[in-house]
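Reader: I'd like to go through this one piece by piece. Can you take my questions in turn?

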Amino acid sequence: MTRIDRRALFTSGAAAALLAATGTSLAASPRAGGALRLALPRESGLLDLVARGAVLDCLTEIAPDGLLRAELASAWESRDAAQVWRFDLRQDVSFHDGTPLQAADVVASLQGRSVAGADQMVDQMSVTALDLYRVEIQLAQPNPHLPYLLAGPDHVIAPQGAVDVPLAQLVGSGCYQVERAQDGRHFRATKVVGHYKDGQAGWVDSLEVIVIPDAAVRAEALRDGFVDVAALPQPAELLKCGGFLYHPSAEDMALATRSDVGIPRVVGQQSALDDGRIAERWWRL
C-alpha cells in the first residue's frame, strides 16, 4: 500500500480518541461560517475526491457511523429478490444551474455504470425512469447491497449525466458550487444558499483546495496560516512551532490542522478525507 492508502488520511473510527490524545478539544456541535482551506499532495486523486464530494450528491450516503441514509433518494424498495430496485427521488432539490433534479438526470448519470456486489461480481445497471421522480434499476444478478454501493463516488448524479467533466465545468446538487478550478492544481467553491441539507451539513461558507506536491511546502503553508488543513505534511517545522493538531500522532502525521478546525466525533471510514465529504462535514470553530 502507499502511505496515503495505509493511513487513509483520517478515516479511522477512533479518530476522536486519537485527536483527544494529541490535545484537541472536539466541539459538540458544528458551527456555520468561515472558510476551510486544504493543502493536498498530487497523488491518489485527492483534489478530485474532495471537490466532487463537495459538489455532487448520490442517491444514498454512508454516514460517518457507517449507517446508510437517503441523499437524493427519499425512499427505495427491491423486488425479485433484490434484482430490481425502485428509488423515489426528493422533489425539493435543484442543481446549481437552477434546473430541478428529475429521474432523467439519474438515468443519464447511472445508465451503463457498473456495481460490484459482495461476491465481487460486476453488473451493468439498466436504469429507466418510471415518472419524473421515480427510477427503476435492473441488475443481471440480485444484489441486496445496491443502496450501499450507490453511495460511492462512482455513482454521483449530475444534470443530464454530465459527471465526467473537468472540475471547472462541474455542476451538481451538493452543498458547494464551483467558483473556479483547474484539474490537478486548485479548486474553490462557495456554499449554496438555501440548500436542502442546511442545518445538517455544509457548515463553512467557502472551500479552497490547493495541490502542493512538496510535503515541506505543505507544512509551511499551514504554519504560516495560508491553509487550515495539510495532508501528509513534513512534520519538523510544525512540531517546532506547536499549537497544531495531528493525526494519528505527532510521530506519524497523516493530517495536521489548525486548532480552530472543527472535527466530527466520528469520521467516515470508506475512503480518504472523511469519505471525500470533508467539505460538508468539518467546520471552523
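What follows is a set of short questions and answers about this predicted model.

Reader: Let's start with the big picture. How many helices and strands does the protein have?
Author: We're looking at 285 residues, and buried ones make up 50% of them. As for the secondary structure, the count comes to nine helices and 19 strands.

Reader: Among contacts with a separation of 6 or more, what share comes from residues 24 or more positions apart?
Author: Take the contacts in the protein whose separation is 6 or more. The part of these made by residues 24 or more positions apart is 61%.

Reader: And what percentage of the accessible surface belongs to carbon and sulfur atoms?
Author: The total accessible surface is about 12,400 Å². Carbon and sulfur atoms account for 49%.

Reader: On to the strands. Which residue in β17 is the bridge partner of P248?
Author: β16 covers residues 244–248, and β17 covers residues 253–258. The two run antiparallel, with five bridges joining them, and they form a hairpin with four residues in between. In β17, the partner of P248 is M253.

Reader: How many of the residues in β16 are buried?
Author: Strand β16 is mostly covered. Out of its five residues, the number buried is four.

Reader: Is T257 buried or exposed?
Author: T257 sits in strand β17. Leaving out residues up to four places away in sequence, T257 touches L222, D228, V229, F244, L245, I263 and W282. Its relative accessibility is 3%, and the cut-off for buried is under 20%, so T257 counts as buried.

Reader: Now helix α3. Which residue there meets R52 in a salt bridge?
Author: Helix α3 spans residues 46–55 and is mostly covered, with nine of its ten residues buried. R52 and its partner both lie in this helix, four residues apart, which is about one turn. The side chains come to 2.9 Å, N to O, and the partner is D48.

Reader: How do the two ends of that pair compare: is D48 buried or partly exposed?
Author: R52 has a relative accessible area of 18%, so R52 is buried, given that the cut-off is under 20%. D48 comes out at 32%, which lies between the 20% and 50% limits, so D48 counts as partly exposed.

Reader: What about D57 and K197: how far apart in sequence are the parts that this pair ties together?
Author: The closest N and O atoms of D57 and K197 are 3.7 Å apart, and the two form a salt bridge. D57 lies in strand β2 and K197 in the loop between β13 and β14, so the pair ties together parts whose separation in sequence is 140 residues.

Reader: And are D57 and K197 buried or exposed?
Author: This salt bridge joins D57 to K197. Both residues are buried.

Reader: Which residue does R281 meet in a salt bridge?
Author: At 8% relative accessibility, R281 counts as buried. The partner is buried too, with a relative accessible area of 0%. The side chains meet at 2.9 Å, N to O, and the partner is D274.

Reader: Last one: how many salt bridges are there by this rule?
Author: The rule asks for a side-chain nitrogen of Lys or Arg within 4 Å of a carboxyl oxygen of Asp or Glu. Some of the residues link up in a network, among them D57, K197, D274 and R281. By this rule, the number of salt bridges is 29.

Notes:
Residues are numbered from 1 along each chain as its sequence is written. This is a predicted model: local features need pLDDT of at least 70, side-chain atom pairs count only at pLDDT 80 or more; totals for chains, interfaces and linings use all residues. Side-chain values use heavy atoms; hydrogens and water are left out. Buried means under 20% relative accessible area, exposed over 50%, partly exposed in between (1.4 Å probe, protein chains only). Contact means heavy atoms within 4.5 Å. Two strands pair if DSSP finds at least two bridges between them. Accessible areas come from the Shrake-Rupley method with a 1.4 Å probe; for residues, only the protein chains shown count as cover.
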